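Dear colleague,

I am passing on the structure we spoke about, with the sequence alongside. Please look through it first; my notes on what I found follow below.

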Amino acid sequence: MADPRNIDIKDQPGFRSIAIICLCVLYVPVLILMIFSLNSGSLVTQWEGLTLGWYGSALLNEEFHSAAKNTMIISVTATIISTTTATLAAIGMTRVKPWRGLSTAFMIINLPLMVPEIITAVATLSFFALIAGMFGLNFGIGNLILAHTVFCIPFAYMPIRARLEDMDLTLEYAAADLYATPWNAFKRVTLPLLVPGIMSGAALAFIVSFDDFTITQLVAGPGQTTLPLYIWNQIRRPMTPEINAISTILLLVSILFVSVSFLIARRRAN
Amino acid sequence: MVATTLSKAALFETGAAKATARRNRLLSVPALVIIGIFGVLPLIIICVYSFLVAAPYGGVQWQFSTDAYLNFLFQRDIFDDTLQFTPDFLIIYLRSFLFAVVTTVICLLLGFPTAYFMATRAPAQRNWWVLLITIPFWSNLLVRTLAIMFIIRDEGLINNALMALGVIDKPITMLYTNFAIQLGLLYAFLPFMVLPLYSSLEKLDFRLIEAAYDLYATRRQVLWRVIIPLSRPGIIAGCLLVFIPALGAYVTPLILGGGIHLMIGDLIAQQFGSGRNWPLGCAQALILMAAVLVALFFYVRNTSGRIQHG
């Protein structure tokens, strides 16, 4: 056996290969999908030549426009509501003495993460059907916004809470010591320090809302097609690389927001 | 940690801060109200619905009945009104359970070495790896599933390549099979395993590994008797994060199973669509929820047990 001092004690044989295989497995199918969005032939899987034409026809498509518009209305509104309420909740649950019901409150905030999506979907559908039947209430696209807000809250909450817990409390203490009112201390000390957490939370809330398929599909009424629903409708017709182009756009949006959220979090760590 | 607790205590010593702290609790109200009304209340509603009678065109009739739960295992004979054991739904549940277990095991076998490899890189390289695993974690599941579909279709990349090479002369049917669903689940949930494992392995104290080697442990012994026991919380968290969504998977079997091979998720959605039996769908959803709660209970018991043993 080799002298232990000469081997890297952290290494395990074969782990490098498995890690590289995992990375390939995760990326090759998606990269192929992206490459075929540039295919000039009209088949999704037979390469014929290079073109950007499918992006053109996707972006000029009326249905795509209305789906993109719906998606933006829902995602942006849900992101704003969920990030605001999640920020308040994170403050109300960390900058306090432990209160009775705190752990229950924490469970409620995280509930949407524990319930399988399909259950949330049918439950929300039943709920809106019930209030429509009993009180004649239908918020239109508001139904989708509310449904999205619920599952966006825990995603926005996590990074904000993590940031609050990392924060140096002596700064807030010093502000109070220097006769800052609680509101001023919050506005001038806590909030500026909290901004990266809020941005990271908002980015995550936006992605989960933007990408949601299951809950949207069951809750959406007629004319409330979002981009994932639009893709689903396209799959059921004869497919052209246009669907690859739209899919690529969706992936790029996710990648952009994940990277932003990740970079903010990493700057925090450094 | 101790310092934070102390300064936090100090912060609440002053009278004004005390009042603020009390008022601060109210800040969590809006989020709790939104989730309470639009998240918790709907779950209560499906509990109620599961004990009602299906209306002919979807929805429910307000009439108490346990038929939804009986229908889960039995079918009422139209002629003599006797109950007959029909295991159709039970088979779908068991199949989904099997899919979820296989997915969890394979994800663990692939994910553990990956997470360990990531955790042992230099910090700069580590960040890149984490980003590369995080991107698929947050990417659109529908689109990722579609990518798998394009590859395994009859006229997909694999069949085209094999036919061009002359290995086969007829495409191998892979889409709309159990294999397709299994592959799709693995692909979907692999990042869900790697990330929690990584965050647990990242905190590993490598001096313990050094100590093990000093005591003449082999590489294999170090892995099985030092690294794996120390990363147990990460392993449990990762398995749970894969198992729960895999059990309730909806998109993957919808696209890759093509309605032939159902999983629980599709079965539930069907009752609200073409099946037009909302109470049955609610009962099926609650039975799935019960399975999830059992898994969560197992998790809580395991992790809290670990803390007690120190």
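In what follows, a residue is called buried if 20 or more other C-beta atoms lie within 10 Å of its own, exposed if 12 or fewer do, and partly exposed in between. By that criterion A:Ala19, A:Cys22, A:Leu26, A:Pro29, A:Val30 and A:Leu33 are buried in helix H1 of chain A. Please bear in mind throughout that this is a predicted model.

On confidence, the model scores ipTM 0.88 and pTM 0.89. Chain A averages a pLDDT of 88, with 95% of the residues scoring at least 70, and chain B averages 87, with 91% of the residues at or above that value of 70. Some caution is needed at the start of each chain: over residues 1-5 of chain A pLDDT stays under 50, and the model has 2 contacts beyond four places in sequence for that stretch, while in chain B pLDDT stays under 50 over residues 1-6, for which there is 1 such contact. Among the elements of chain B, helix H1 (residues 2-11) has the lowest mean pLDDT, 48, whereas H3(B) has the highest, 96.

Turning to the contact between the chains, 79 residues of chain A and 88 residues of chain B take part in it. On the side of chain A that touches chain B, helix H1 (residues 15-35) of chain A gives the most, with 12 residues, and that side as a whole divides into 58 nonpolar, 13 polar and 8 charged residues.

H1(A) deserves a closer look. Its 21 residues should span 30 Å at 1.5 Å a residue, and the end C-alpha atoms are indeed 30 Å apart, so the span agrees with expectation. The helix nevertheless bends by about 30 degrees at A:Tyr27, with a proline, A:Pro29, following within four residues; A:Pro29 is also among the buried residues of H1(A).

A bend with a proline after it appears again in helix H6 (residues 141-166) of chain A, where the angle is about 35 degrees at A:Cys152 and A:Pro154 follows within four residues. H6(A) has 26 residues and reaches 38 Å from its first C-alpha to its last, close to the 38 Å expected. Because 19 of those 26 residues are buried, H6(A) is largely enclosed by the rest of the structure.

In chain B, helix H3 (residues 29-49) has 21 residues and reaches 28 Å between its first and last C-alpha atoms, close to the 30 Å expected at 1.5 Å a residue. H3(B) bends by about 40 degrees at B:Gly36, and its buried residues include B:Ile34, B:Ile35, B:Phe38 and B:Gly39, as well as B:Pro42 and B:Tyr49.

The largest nonpolar core has 149 residues, and those with the most contacts inside it are A:Val122, A:Ile153, A:Ala156 and B:Phe189. Helix H9 (residues 178-201) of chain B supplies the largest share of this core, 16 residues. As for A:Ala156, leaving aside residues up to four places away in sequence, it touches A:Ser82, A:Thr83, A:Ala86, A:Gly201, A:Ala202, A:Leu204 and A:Ala205.

Two backbone angles may be worth checking. Most residues other than glycine have a negative phi. A:Tyr179, however, has a positive phi, near 65 degrees, and sits in the loop between helix H7 (169-177) and H8 of chain A; with 9 C-beta neighbours inside 10 Å, A:Tyr179 counts as exposed. In chain B, phi of B:Tyr216 is likewise positive and near 65 degrees, its place being the loop between helix H10 (206-214) and helix H11 (219-230), and B:Tyr216 counts as exposed because it has 9 C-beta neighbours inside 10 Å.

Finally, two residues of chain A and their distances to others. A:His65, in helix H3 (residues 62-94) of chain A, is exposed, since 11 other C-beta atoms lie within 10 Å; its C-alpha atom is separated by 9.8 Å from that of A:Thr226, which is 161 residues apart from it along the chain. A:Phe186, in helix H8 (residues 182-211) of chain A, has 18 other C-beta atoms within 10 Å and is therefore partly exposed, and it lies 23 Å from A:Ala105, C-alpha to C-alpha, the two being 81 residues apart in sequence.

With best regards

Note on methods
Residues are numbered from 1 along each chain as its sequence is written. Chains are lettered from A and ligands numbered from 1 in the order in which they are written. This is a predicted model: local features need pLDDT of at least 70, side-chain atom pairs count only at pLDDT 80 or more; totals for chains, interfaces and linings use all residues. Helices (H or I, at least four residues) and strands (E, at least two) are DSSP runs, numbered from the N terminus. The expected span of a helix is 1.5 Å times one less than its number of residues. The bend at a residue is the angle between axes fitted to the seven residues ending there and the seven starting there. A nonpolar core is a set of buried Ala, Val, Leu, Ile, Met, Phe, Trp, Tyr and Cys residues joined through C-beta atoms within 7 Å. Two residues are in contact if their C-beta atoms, placed from the backbone, lie within 7 Å. Ala, Val, Leu, Ile, Met, Phe, Trp, Tyr, Cys and Pro count as nonpolar, Asp, Glu, Lys and Arg as charged, and the others, Gly among them, as polar. pLDDT is the predictor's confidence in each residue, from 0 to 100.
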